[in-house]
Amino acid sequence: MPTDTTEASTSTGSSLSPFRHRIFLAVWVASLASNFGGLIQSVGAAWLMTSIGASADLIALVQAATTLPIMLFSLMAGAIADNFDRRKLMLASQLFLLAVSVALTLCAYFGLVTPWLLLTFTFLVGCGTAFNGPAWQSLVGEMVPRSDLPAAIALNSMGFNIARSLGPALGGLIVATVGAFAAFAVNAISYLGLITVLARWQPVQVPRALPPEALGSAMAAGIRYVAMSPNLGVVLLRGAVFGLAAIAVQALMPLVARDLIQGGPLTYGLLLGAFGAGAVGGALLSTRLRQALSLEALVRIAFLSFAICATVAGLSSLALLTLIAMALGGASWVLALSGFNATVQLSSPRWVVGRALALYQMATFGGMAFGSWIWGGTAERFGTTDALLISAGVLVVGAVLGLWLPLPELKTLNLDPLNRWTEPNVAVDIRQRSGPIVITIEYVIREADVVAFLAVMAERRRIRRRDGARHWTLLRDLENPEIWVERYHSPTWLEYVRHNQRITQADAAVGERLRALHQGPDRPRVRRMIERQTGWPTADLGTQVHDITDPLTDPTRSS
């Protein structure tokens, strides 16, 4: 696991520096081939649905069947990625995608495909992609050091856009010359390289001291962590706004080609290619731009330049001018989304990064899905030009929003585990599922330091609740006002241990400030207690509420 604590928002190398790490290069090349295969498969599915005489709504459902699983399963996939071996999860996803693609190829070759069967296969491909995404994105942090992470994320985006620039045209050629089944076969073959790379890679495994979280608890913990992390909340909001507004250009691009510059399918393909080429250029320039600009300035420029793209696309009747605007839009697209992605990764410790990425992906894709519907309806009612100009206005608002909700500059944030806490020896025989556990921490604070103490405690409360503490309260002794007690609950002893192992190096600063304010002769006094039912256990009670054996309450043990 990388432990580099250098400035996160810049890189000392070039935009291609992550390629120095052999495993990243191998996975990137294999993923590029897989991206080509996925886009070729999409062309084959769309054409096959059209050729078998499906209705217009079923044809439109092909795209929905691909993206819906991302909305439905991303958080679940992120929770699994955080609790199990990410490489194995990614490998399992690729094997699942290979099996689905082979089955689709055979059904298409033998003429067995019906519209609903094709939608089912497309949905299954989307499911595999949804589970693969968080594992792949969070694995990048294990392949490259922290200083190269933003460049690596930009290169991933560049790889997808290279495939998006050429994949659809290649898919159309394959479908036209051989048939849709050949597009599905090419997609199946494209998974083999990535499967081989992942199967051969044996990363250093950090042993897990605790069992994996239950799936529901893990998903709730991810939502809680993001909700209690202001940096991540800002990224999700800004990403959703960008996705909502910027998707207008891509959603309305066919209408731009047909109605505004009087072109045909070739013109539409050129616009797609220009957008993809601009995205590749933006990825290559990203590192240099991050070295010259703050992250917020870079993202704000991306908002504004995409607004220029939408404005020109809406007003221009010249194909060349519109192509230039699309290239600018592609570069802005990559700079904004890679900036958001990097901020999520650099704002999240490894134990929750998959879930944070999944929630970011859900927010951004949700904005795109909602935006596609909004801009389509706007164009239908007011025209393509007005829809693009309105989207440009929303992008400007998104840039201005950065004045109040700027992206964080992660210059000194170290989210590696603190690893100072050791599980205490207790006199009561408890197990991992014993609980509820009540923790109190007693401080002695001078009257002159109360204001500073309360300010630090506000941050302590956020961190405690973010990492899973419940019922957090701060108490003051009425007889001795210098005594303050921090109190919180944990549902089980296992969750208490898990809570303490989530403390990061950055969180340690809060504890140090509290210890500096504490005036007692010793360190703040920590008491760990377990809630118990009153009364004497009897056979009529059945199983005990708390899974704990205590000499004071168990008559079978001597005191």
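Where does D148 lie? Select it to begin the tour: D148 sits in the loop between α4 (115-143) and α5 (149-177). Keep in mind that you are looking at a predicted model. D148 counts as buried because its relative accessible area is 1%, and the cut-off for buried is under 20%. Now add H21 to the selection, and you will find a polar contact of 3.2 Å between the side chains of D148 and H21.

**Zoom out**

Show the whole chain as a cartoon. The protein has 17 helices and six strands. Of its 559 residues, 51% are buried. Among contacts with a separation of 6 or more, 83% are between residues 24 or more positions apart. If you switch on the surface, about 25,600 Å² is exposed, and carbon and sulfur atoms supply 64% of that area.

**Into the cores**

Next, select F242, M326, W333 and F340. These are the residues with the most contacts inside the largest nonpolar core, which has 56 residues. To see where this core comes from, colour α7 (215-227), α8 (230-251), α9 (253-260), α10 (265-292), α11 (295-315), α12 (319-346), α13 (353-382) and α14 (384-401), since each of them supplies at least two of its residues. Helix α8 gives the most, with eleven residues.

Centre on W333 and show its neighbours. Leaving aside residues up to four places away in sequence, W333 touches R164, F242, A246, I247, Q250, F275, F306 and M368.

Then move to I23, V27, I153 and A180, which are among the residues of a second, separate core of 55 residues. In soluble globular proteins, nonpolar side chains tend to be buried together.

**Follow the charges**

Which residues does E213 pair with in salt bridges? Select E213 with R355 and then with R502. The salt bridge between E213 and R355 has an N to O distance of 3.3 Å. This pair links distant parts of the chain: E213 is in the loop between α6 (180-200) and α7, while R355 is in helix α13, 142 residues apart. Both E213 and R355 are buried.

For the salt bridge between E213 and R502, the closest N and O atoms are 2.9 Å apart. Here E213, in the loop between α6 and α7, is joined to R502, in the loop between α16 (493-501) and α17 (508-517), 289 residues apart. R502 is buried, as is E213.

Now go to R466 and D507, whose side chains form a salt bridge at 2.8 Å, N to O. R466 belongs to helix α15 (residues 450-466) and D507 to the loop between α16 and α17, with 41 residues separating the two. R466 counts as buried because its relative accessibility is 5%, and D507 counts as buried because its value is 11%.

To finish with the charges, select D82, R86, E142, E213, R350, R355 and R502 together: salt bridges that share partners join these residues into one network. The count of salt bridges comes to 17.

**Last stop: the surface**

Return to the surface view and pick V102, L106, Y109, F110 and L112. Together they make a nonpolar surface patch of about 540 Å². One of them, L106, is in helix α3 (residues 86-109). Is L106 buried or exposed? L106 is partly exposed, because its relative accessible area is 47%.

Notes
Residues numbered from 1 in each chain as written. Predicted model: local features only at pLDDT ≥ 70, side-chain atom pairs only at ≥ 80, totals over all residues. Heavy atoms only, no water. Patch = residues over 30% accessible without salt bridge, like charges linked within 9 Å, V, L, I, M, F, W, Y side chains within 5 Å. Areas by Shrake-Rupley, 256 points an atom, 1.4 Å probe, with all protein chains shown as cover. Salt bridge = Lys/Arg side-chain N within 4 Å of Asp/Glu carboxyl O. Helix = DSSP H or I, 4+ residues; strand = E, 2+ residues; numbered from the N terminus. Buried < 20%, exposed > 50% of the residue type's maximum accessible area, 1.4 Å probe, protein only. Core = buried A, V, L, I, M, F, W, Y, C linked by side-chain atoms within 4.5 Å. Contact = heavy atoms within 4.5 Å. Polar contact = N/O pair within 3.5 Å; in protein donor to acceptor, adjacent residues only side chain to side chain.
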